[in-house]
Amino acid sequence: MKPLLGILILAFATNICAAQEKGVDQQNDRIRDSSNNRQPAVNGGKVDTGVGRGMDFGKGRTQTPPPLPNPYRFQVPNDVLTKAVQELMRDRKLIVDETVSRPDTGLLVSQPFTFTRGSVVTTSELNRLAEVPRADRDSWTRGRYTIVVEIQPIDSGNTHVSVNARVEGRSDAVTGAEWLSLRSNGTAEQEFIYALIEKVTGGPPPGREQ
């Protein structure tokens, strides 16, 4: 009797384990969707099968703000802006070229400012501020730019300010050193306008607060 009873107990325990294991497999195979979205062709919270949205890696990514207008409109009289531009040029180590500038008429031109030196970094810095032809030269040793600011009053309390940059690169070739004009890509102008807005208003442009 004892051997028979032992066999019956062993068989009963084996059936219970098989049933439990089968239940686990069914549970893993059937992943419940906890989302409330029940629209057709949308999986909601279940993202491993089907044709729904799945994983959205772009959600919440910071968008690049659009460029600032150039000319930029300030709600400030033109004489106040003229003074602010002169101060900003000094802050950025730009020297006003007195021979071509006309502060009374709203024209301020800086002397050429060398912003990079050395063959190692000059090419990358020039590419940051200007459109550099690939096939032209690869022996850039210096980069400089000239800032031209035009201040135009609209009325007694509003003023337009336009900024242009003349970018140049120096190439030290076998024939000698030579400064070549490059087309600005607008980065130097944007940086100057941004800094001018901060100086005049005390904060960043609207929509660009950190």
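This is a guided tour of a predicted model, moving from the whole chain to selected strands, loops and one helix.

**The whole chain**

Begin with the entire chain displayed as a cartoon and coloured by secondary structure. The chain holds 4 helices and 7 strands. Followed from the N terminus, its elements run α-β-α-β-β-α-β-β-β-β-α. Now switch to a surface representation. The accessible surface amounts to about 14800 Å², and carbon and sulfur atoms account for 52% of that area. Of the 210 residues in the chain, 28% are buried. Where contacts link residues at least 6 apart in sequence, 58% of them join residues at least 24 apart.

**Strands S5, S6 and S7**

Return to the cartoon and select S5 (140-153) together with S6 (159-173). These two strands run antiparallel and are joined by 13 bridges. They form a hairpin with 5 residues between them. To inspect one pairing, display Arg142, which stands opposite Arg170 in S6.

Next add S7, residues 176-184. S6 and S7 also pair in the antiparallel sense, here over 7 bridges. A hairpin of 2 intervening residues connects S6 to S7. Within this pairing, select Val167 and its bridge partner in S7, Leu182.

**Strand S1 and the cis peptide bond**

S6 has a further partner to display: S1, to which it is joined by 3 bridges in an antiparallel arrangement. Select Arg73 and then His160, its bridge partner in S6.

From Arg73, step back along the chain to Pro71, which lies in the loop between helix H1 (2-29) and strand S1 (72-74). Display the backbone of Asn70 and Pro71: the peptide bond joining them is cis, with omega at about 15°.

**Asn158**

Select Asn158, in the loop between S5 and S6. Is this residue buried or exposed? Asn158 has a relative accessible area of 14%; because the limit for buried residues is under 20%, Asn158 counts as buried. Which residues does Asn158 touch beyond its neighbours within four places in sequence? Show Arg73, Phe74, Gln75, Val76 and Pro153, with which Asn158 is in contact.

**Lys93**

Move to Lys93, in the loop between helix H2 (78-91) and strand S2 (107-109). Display its backbone first: Lys93 is not a glycine, yet its phi is positive, at about 65°. Then show the surface around the residue. Lys93 counts as exposed, with a relative accessibility of 65%.

**Helix H3**

Finally, select helix H3, residues 122-129. Its buried residues are Thr122, Leu126 and Leu129. They cover an arc of only 70° around the axis, so they lie on the same side of H3. An α-helix has 3.6 residues a turn, so residues three or four places apart point the same way.

What do the buried residues of H3 pack against? Extend the selection to strand S3 (113-117), strand S4 (130-131), S5, S6, S7 and helix H4 (187-201), against which these buried residues pack. This view brings the tour back to the strands displayed earlier, with S5, S6 and S7 among the packing partners of H3.

Notes. Residues are numbered from 1 along each chain as its sequence is written. This is a predicted model: local features need pLDDT of at least 70, side-chain atom pairs count only at pLDDT 80 or more; totals for chains, interfaces and linings use all residues. Side-chain values use heavy atoms; hydrogens and water are left out. Buried means under 20% relative accessible area, exposed over 50%, partly exposed in between (1.4 Å probe, protein chains only). Contact means heavy atoms within 4.5 Å. Accessible areas come from the Shrake-Rupley method with a 1.4 Å probe; for residues, only the protein chains shown count as cover. Two strands pair if DSSP finds at least two bridges between them. The arc is that of the directions from the helix axis to the C-beta atoms.
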